Each structure stands twice: as structure tokens, then as C-alpha cells.
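Here is a report on one protein model, written for a first-year student. Keep the structure open while you read.

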Amino acid sequence: MITKLAWRNIWFKPLNTILSIILLTSSVAIITVLVLLEKQFEEKFTNNIDGVDLVLGAQGSPLQLILSSVYQVDAPTGNISYDSAKVWMQHPFVKKAIPLAFGDNYRGYKILGTTPDYLEKYNAKIKEGRIYEKNFEVVIGGEIAQKLNLKIGDEFFGSHGDAEEGEVHDHYAYKVVGISEITGKVVDNLILCTIPSVWQMHGGHEESPVHGEEGHIHEDGDEHLQHEHEHHHDMTLNEPGMEITAVLLQFRNKMGIVTWPRIIAQNTKMQVASPAIEVNRLFSLFGIGIEALRYLAYGIMLISGISIFIALFNTLKERKNEFALLRVNGAKRFQLLKLIMIESILLCIVGFIFGTILGRIALMLISNSAEQDFKFSFNPYEFIWKKEGILFGLTLLVGFFAALIPAIKAYQLNISKTLANA
């Protein structure tokens, strides 16, 4: 009965109510997006660096090397000699080394030349078909298979570089021989093939940069004959003087992780970068922005609490007669206090529900944008019960304190004086 009455009283002044709900909804939505983004972003970045202690690549920005080689979301720093890289890959300190050669793309999805160890690293088991063995055979990620409706036996041509609109290379067709399980990791959105496939697609020249790199030129005219020749002679990993993009390294002990960055920088034209260090640096950069937005959301929540307080306090004066009549009809002081509290709490619950829904709609839009640009998606339907439970409790607390003074005023109401003045 009291709850029904409280709900009707909320809409006694609809504009005040709507303003309070909008403010609460905004603050809850911002905090919800931040909570979900922070958790999923951290999970995705942390899961993808499991088993990678260092990344060997061309000199340049260490963060760019990690983003391009581990997360596939940036242009590579350049190419390195495969012969030089092999010396370090075969070092006794190294437990596992996975070479990467960036190829072209198919409808915006990167074609990556690597070894079957790459699938093993991400625990991406083959769901259909088999692993690639010959050049231009590919294993596609589970997400790609769903989105592009590709099946075993399908063939397609890659496009030049990273851009979907790039020139189509129609001299070699890739053939789907396997589809990997969806793992929630970067491998889900990659097309994997042998490293010699990437070399052969680009003519196999030592100085020929991998697609996506500055300086890559298309072969025309007489060099087309070379492609025709290569149809009959597939390249192998033993080709001399070839280049790759990077190597993912896992060490047997921590000695290599500590000493290699200095040794390689001093003795080669390459660099090694630590994913753990670079990801922490990235999180610290993002953390500043996330903290600022969080404080903004708490500020809006505080303003919404003040708005609820003002609305209840102002209507209290106009509702003195109503409260006095309720007391005459048998309502107790505590019931009036409870009525004011329930009104405020109901406002907060409505604001929280709308905020949670709006936050997830916002995350869905962010996810769609990230999917188009980086092939990176977020799950708007995930519930983080602990953090969102704390947020719900905080929202109710705002409602409680906003209603505290008006509720005490209603509790202390003098019936005889109020009715005499009326």
C-alpha cells in the first residue's frame, strides 16, 4: 500500500522526477560502461600475452611492435631478416619461437603467415578440417567463418595491405582447409597460412617489404612471368635472404627475458619488447582517462542525489496537509518517514535500471565501432555481479541520504499545528 502511494507521489511533479532519473541514469550508464570495458579490455589483453615473454622485431616503438605482433591492431615497425632471427630463435634460452610474416587481408581480416605453433599457443583447436600444410592453404578463425560464411574448400583472393579496398591479388587463391574453434582471443579474427605463402604472394624478393609496410610495390609486366613460374615451384622456409615481421618468444628461464633487450639492441638492428611491460604502460595511459570519467560519473550521481533531495524537500511543504490527514487516519510517524524513503529509493531503482540498460547499449555501439576498426569486440551482456552490486548499493545509498532530511521533517510533523494553519 505504502509503495503504491509512494509511486504515485513520485509523479506529483513529473519534471523534477524525470530530471532526477535522467541524472541517475547518466551516472549509472557511464560507470557501467567503464566497469565492463575495464574488465573485458584487461582480460583480452592479458589472455593474448600468455606464453609470450618477449617479441623480436624491427627497431621502432616497442608498444607498436607489441600491438601489431600480439594484438594485430597496429602497423608493424618493419621487417627483419629471417636468417638473423633464426640465430636467436635457436638459442638455448628459448623454449618456443613463433615467427610471424604479415600478409595481405581478405575483406578487412588479416592474413598472417606463421607456424601451427601459433594455433597451439592460443589453444585454438581445429573444429573443422585440418591444419594447413601447403602454401596458400589457410586455417580461418571461428569468428571469421561465422561473419563471412566461409566453409571448408572455399577459395578467395587477398587484397593488398591492410585496407579492405586494396588491389586484389588474383594470381594466387587461398583455400580454406580448416576452421579453428572460437577462443575469445585474437586468433579468432585471423586467417593463418604458411610463411612461404606470404613470400610467394609478394614475389619472394629479399628487399620486398611485407604488405602494409611503406615501400611495397606491385610487380608488373615481365615479373608476372615469375609468378607463373612460382605456381610450379612452391617456396619453403629454407629460402635464403627472406624477411619476416616478428617472432613471439617464450623462454626456459628468466635470464633471457632480463638480458636480451640490451644484448639484441647492442648487437643487431633488431629489438625485443616485453608484452607485460608495454601492456602495463598502455593500461596506465588508459587508466588516467578511465579514472577521470569515473569521477565525472560520481559527480553526476552526487548532483542527482542533490536533485532528489531538493525535489522531496520542496514537495514536503506542499504535502504537509496530506501527511497530517494520513496521521489523523491512523498512519504512524514511522510510516510517513518510510513513505519518503521509499519514494527516493524507487527513483534510484528506476535510474539504476535505465542506467544499466543504457550502459549496455553504449557498450554495444563501442563494440561495433571497435569491431569495424580493430576486429575487437566487447560483450555488452556480461554482468559483473560484484562491481555492479556495489554500484546498486551506492545508488540506493544516494537515495537514502537524499531522503534523510525530508523524511525526518515528515516524522517530526506537528498534526494539530498543520491542520490549524490549513
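## An enclosed helix

The buried residues of helix H3 are Leu-63, Leu-65, Ile-66, Leu-67, Ser-68 and Ser-69. Buried means under 20% relative accessible area, exposed means over 50%, and partly exposed lies in between (1.4 Å probe, protein chains only). Helices (H or I, at least four residues) and strands (E, at least two) are DSSP runs, numbered from the N terminus.

This is a predicted model, in which local features need pLDDT of at least 70, side-chain atom pairs count only at pLDDT 80 or more, and totals for chains, interfaces and linings use all residues. Residues are numbered from 1 along each chain as its sequence is written, and side-chain values use heavy atoms, with hydrogens and water left out.

H3 covers residues 62–69, and 6 of its 8 residues are buried, so the helix is largely enclosed by the rest of the structure. What do the buried residues of H3 pack against? Their partners are helix H2 (14–48), S1, S3, S11, S12 and H10. Contact here means heavy atoms within 4.5 Å.

## A bent helix

Helix H9 runs over residues 254–267 and has 14 residues. From first C-alpha to last it reaches 20 Å, close to the 20 Å expected at 1.5 Å a residue. The expected span is 1.5 Å times one less than the number of residues.

Where does H9 bend? The bend is at Trp-260 and comes to about 45 degrees. A proline, Pro-261, follows within four residues. The bend at a residue is the angle between axes fitted to the seven residues ending there and the seven starting there.

Trp-260 is also one of the buried residues of H9, along with Gly-256, Thr-259 and Ile-264. These buried residues pack against strand S1 (54–58), helix H4 (82–89), S3, strand S11 (246–251) and strand S12 (270–273).

Look next at the start of H9. There, a side-chain oxygen of Asn-253 comes to within 3.1 Å of the backbone nitrogen of Met-255. Such a polar contact is a pair of N or O atoms within 3.5 Å; within protein, one must be able to donate a hydrogen and the other to accept it, and residues adjacent in sequence count only if both atoms are side-chain atoms.

## Two helices that cross

Helix H10 (residues 275–318) packs with helix H12 (residues 333–374) at an angle of about 145 degrees. Their axes are 11 Å apart. Axes are lines fitted to C-alpha atoms, for helices over the stretch in contact, and angles run from 0 to 180 degrees between N-to-C directions.

Which residues meet here? H10 brings Ile-308, Leu-312 and Leu-316. H12 brings Ile-340, Glu-343, Ser-344, Leu-347 and Cys-348. An α-helix has 3.6 residues a turn, so residues three or four places apart point the same way.

Ser-344 is worth a second look. Its relative accessible area is 0%, so Ser-344 is buried. Leaving aside neighbours within four places in sequence, Ser-344 is in contact with Ile-308, Leu-312, Gly-399, Phe-400, Ala-402 and Ala-403.

## Two loop residues with positive phi

Two residues have a positive phi although neither is a glycine. The table sets them side by side.

| Residue | Phi | Loop | Relative accessible area |
|---|---|---|---|
| Arg-107 | about 55 degrees | between S3 and strand S4 (109–113) | 40%, partly exposed |
| Asn-149 | about 55 degrees | between helix H6 (142–148) and strand S7 (155–156) | 55%, exposed |

## Three more buried residues

Asn-105 is found in strand S3 (residues 94–106). Is Asn-105 buried or exposed? At 0% relative accessibility, Asn-105 counts as buried. Its side chain reaches the backbone nitrogen of Gly-108 at 2.9 Å.

Glu-137 sits in strand S6 (residues 137–140). Its relative accessibility is 10%, so Glu-137 counts as buried. A polar atom of its side chain lies 2.9 Å from the backbone nitrogen of Glu-133. The side chain of Glu-137 also reaches the backbone nitrogen of Lys-134, at 3.0 Å.

Tyr-122 lies in the loop between helix H5 (117–121) and strand S5 (126–129). At 1% relative accessibility, Tyr-122 is buried too. Not counting residues up to four places away in sequence, Tyr-122 touches Asn-48, Val-70, Thr-183, Lys-185, Val-186 and Val-187. Tyr-122 and Asn-48 are 74 residues apart in sequence, yet 7.5 Å apart in space, C-alpha to C-alpha.
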